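Colleague: Could you take a close look at one part of this model for me, the way its helices pack against each other? I would be glad of one connected walk through it.

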Amino acid sequence: MAEFGTFTVLLALAAAAWAAVAAWIGYRRGDARFVRSAEAGLQGALLSLTVSAGVLWTLFLTRDFSVRYVAEYSDQHLSIPLTISAFWAGQNGSLLFWAWVLAGAAGLVTVRERHRARELMPIVVLTLALVLVAFTALVAFTSNPFERLGFTPADGAGLNAMLQNWGMIYHPPATFLGYIGFTVPFAFAVAALVTGRLDSEWVRLVRPWVLWSWILLGIGIILGARWAYTELGWGGYWAWDPVENVSLLPWLTATAYLHTAVLQERRGKLPVWNLSLTFVTFAMTVFGTFLVRSGVASSVHAFAESSAGIYLLGVIVAVIVAGVALITWRLPLLKDASTPISGLSRERLIVVTNAVLMVFTLAIFWGTLFPVITSVLQGREVTVGEPFFDLVTIPVTLALLVLFGLAPAVAWRQARTHGLQRRLALPAAAALVAGLATALLDGGRHPLTSLTLSLSAFALATVLLEFHHGVHGQGLRGIREHLPRLLGLFRRDPRRYGGAVVHLGMVLLIIGVALDVTYRSDERHTLTVGESAEVGRYVLTFEDLTSEITQTRMSLAATLGVARQSGTDAGSLTTERYLNVNQEDPRTAVGVRSLVREDVYVILQEVDVDSETATFSVHLHPGVLWLWVGSGLLILGGLLALLPPRGAPAREEDAALTSVAAGGEDEEVR
Amino acid sequence: MLYVFAAGLLLVAVVLLILRPLLTGTAAVEAPVAPAATPPEATATSRGDDDLEAAIAARRARMSGREGGAA
């Protein structure tokens, strides 16, 4: 059966290679038959890789340990869900998964965009086919998950203990889906350059692809953060680990693109910049794959060193060279619209946002790459740690908060100073109150946190005012009228209000992180069952200690009751130390009780079963709940922005048209 | 033996998929894409008058530049 798996990968490679050749012939001859055949080639590759995936899963589920990959990443005792997730636990399987999802995206493009992007399709198909050839060849020739061992061991080595978590089932696929989705905008950018159709059409066509990829990568990053927060060993929700960093890079460049794409669609501005961002975003996804698989980065996420790394480096170089060459070739056609960006306008803020995001991206890129460069050139290990990343993140965060606050208040084209002062008065007052309140509450010991919270209040106020104005625009009263009107805003202008929800989520996320890093505390307590300890404003009671031994797992779990000092119950939490079969070192699962003000986060450090005594490390993480709420809003906002806009009442439309005719278009002025 | 049969079946399916457009299609270059101003929502007019009105309104909104928000 494994040989059949190898055959399906080779067949997919052949189909993708044919797709590339046929697409080129179709483009050169203007022959629609070859273009259709190329599209069918991509669909054939998808069919073959779907069978490949089915074969690998079957090998895992039938415990065929004669296959090296199955023997290395599973064993007889691994649960069915984790066995399914073992597919992407190692390099070979994750590359097959990558190729399969890429073929899925390519197949979807051939169905969805065929009629909408007819002139771009030959080159879109050609580009997708070439990328698919690169990844399928990687699977077939350097990282074949169907390779046999030559003998059949009695059992497999099992899945790495750190990966035996529910997060393994959804975090890697979501991240991969995000990464892979960015190939489609890249293909459209190449097609626009090759065909010379450089108007905003390609930008409009790729918008849902960029947004979906941005959402999925965002989900992947957030789920990974949540997993790392509740499992010791990953370094908390964000540790500036190289692999975490490289997942953030394409997300940041895509965020920048989503902003400047609006300028190209609306004003014909920044075409070169937008094309460059799609190339950079795609290159960053390959860079991430390279870093994980080359063995050059020291990371808890990284796979073992392999020849796939140098191969992927070649892909990155090819993408950069192709991007620079194509943009340089088409530079005469890539004229920026002549209308200048005026002093204070939404356009200006978008450009500044891009600059801030680019500085952030470059700093993270450099901080991630620097240890790799010194390791290669000087042969010594250098670590770029949190202090460097904090140094960059703090000013970037402050700048973004100011921009979040200003954006809804500043109109397109040219903001009027008088109206701006009026619109910013309330947010400025909110900022002042929040800043003073936090400074007074903590005695002025954390001025940077006070500043962050003050600017967060400023941003929150303008975003909330935007919704307030939207809802009250027609003088409605009462919640029964407000709610449908609020929901109606997302149907009327999903981009604008979806974007506002994203900004709202970002602000909450920043508030959560700022509160946590500033005010977190920890202490140790040794308790016997029935004993209590006071921690901050809580009383923790060690309620129960249970041990469990099954065929596959030994565990000791401690349950603690959480109550407020006032006596009100705040639930309970369970933390455990466990040892899975085939593993040498025990691991710890953290017990977390999430409350509005803070998380009670308990780690079981030591246990004496005979005396029923345990030592706990108890941490209070203020504001972490807001980090997750903000993350959820971030994703929700992205999804809302995907909604198709529904027509507003004719009267409003006429007003807007009149405004445009009068050279206004200042819809934000109320 | 079963896998050899499955492999053959898959090979035939992929080859037929690829060859079909070459054998049955027409070589003529297809009509160019519609102008960029036609939003996708404006094409969904077959779902009824309500959708048609909505599509027209959305198109007018797009024309007026109201569609792009805070991104």
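Modeller: Happy to! Let me begin with a pair of helices in chain A: α10(A) and α13(A) are roughly antiparallel to each other, because angles over 145 degrees count that way. Their axes cross at roughly 160° and come within 9 Å, and the crossing is left-handed. Please keep in mind throughout that this is a predicted model.

From that pair we can step to a helix that both of them help to cover. The buried residues of α14(A) are covered by a set of elements that includes α10 (242–267), α13 (346–378), α15 (417–441), α16 (447–472) and α18 (494–519) of chain A. On the α14(A) side, the buried residues are A:F389, A:V392, A:T393, A:V396, A:T397, A:L398, A:L400, A:L401, A:L403, A:F404 and A:G405. A general point helps in reading such a list: an α-helix has 3.6 residues a turn, so residues three or four places apart point the same way. As for its length, α14 covers residues 386–406 of chain A, and its 21 residues should span 30 Å at 1.5 Å a residue; the end C-alpha atoms are 30 Å apart, so the two values agree.

One of the helices covering α14(A) is α18(A), and it can be checked in the same manner. Its 26 residues should span 38 Å at 1.5 Å a residue, and its end C-alpha atoms are 37 Å apart, which agrees. Helix α18(A) is itself mostly covered, with 22 of its 26 residues buried.

Just after α10 the chain enters the loop between α10 and α11 (271–294) of chain A, and this is where A:L270 sits. The phi of A:L270 is near 55°, a positive value in a residue other than glycine. That deserves a glance, since most residues other than glycine have a negative phi. In helix α11 of chain A we find A:V292, which is buried because its relative accessible area is 9%, and buried means under 20%. For a sense of distance, A:V292 and A:R445 are 40 Å apart in space, C-alpha to C-alpha, and 153 residues apart in sequence.

Now to a second antiparallel pair. The axes of α9(A) and helix α19 (residues 624–641) of chain A cross at roughly 165° and come within 9 Å. That makes α9(A) roughly antiparallel to α19(A), and α9(A) passes α19(A) in a left-handed crossing. From α9(A), the residues in this contact include A:R207, A:L211, A:W212, A:W214, A:I215 and A:G218. They belong to a set that meets residues of α19(A), among them A:V624, A:W628, A:S631, A:L634 and A:I635.

Helix α9(A) also has a place in the nonpolar interior. The largest nonpolar core has 182 residues, and those with the most contacts inside it are A:V124, A:F135, A:F188, A:W202 and A:W214. The largest share of this core, 15 residues, comes from helix α9 (residues 201–230) of chain A. A second, separate core of 20 residues includes A:L540, A:F542, A:L545 and A:F616.

A:L545 also links us to a loop: A:V609 touches A:L545 and A:L556, leaving aside residues up to four places away in sequence. A:V609 lies in the loop between β8 (598–608) and β9 (613–622) of chain A, and is partly exposed, with a relative accessible area of 45%. The C-alpha atoms of A:V609 and A:R330 are separated by 73 Å, with their positions 279 residues apart along the chain.

Back in the largest core, A:F135 touches A:L95, A:W98, A:A99, A:L102 and A:L312, again leaving aside residues up to four places away in sequence. For a contrast with the antiparallel pairs, look at helix α2 (residues 32–61) and helix α6 (residues 121–141) of chain A, whose axes cross at roughly 30° and come within 10 Å. These two are therefore roughly parallel to each other, and α2(A) passes α6(A) in a left-handed crossing. Among the residues that meet are A:V35, A:A38, A:E39 and A:L42 from α2(A), and A:M121, A:P122, A:V125 and A:L128 from α6(A).

Finally, the loop between α2 and α3 (68–73) of chain A holds A:R63. Its phi is near 55°, a positive value in a residue other than glycine, and at 18% relative accessibility A:R63 counts as buried.

Key. Residues are numbered from 1 along each chain as its sequence is written. Chains are lettered from A and ligands numbered from 1 in the order in which they are written. This is a predicted model: local features need pLDDT of at least 70, side-chain atom pairs count only at pLDDT 80 or more; totals for chains, interfaces and linings use all residues. Side-chain values use heavy atoms; hydrogens and water are left out. A nonpolar core is a set of buried Ala, Val, Leu, Ile, Met, Phe, Trp, Tyr and Cys residues joined through side-chain atoms within 4.5 Å. Buried means under 20% relative accessible area, exposed over 50%, partly exposed in between (1.4 Å probe, protein chains only). Helices (H or I, at least four residues) and strands (E, at least two) are DSSP runs, numbered from the N terminus. Contact means heavy atoms within 4.5 Å. The expected span of a helix is 1.5 Å times one less than its number of residues. Axes are lines fitted to C-alpha atoms, for helices over the stretch in contact, and angles run from 0 to 180 degrees between N-to-C directions. Angles under 35 degrees count as roughly parallel, over 145 as roughly antiparallel, 65 to 115 as roughly perpendicular and the rest as oblique. A crossing is left-handed if the near helix is turned anticlockwise from the far one by less than a right angle, and right-handed if clockwise.
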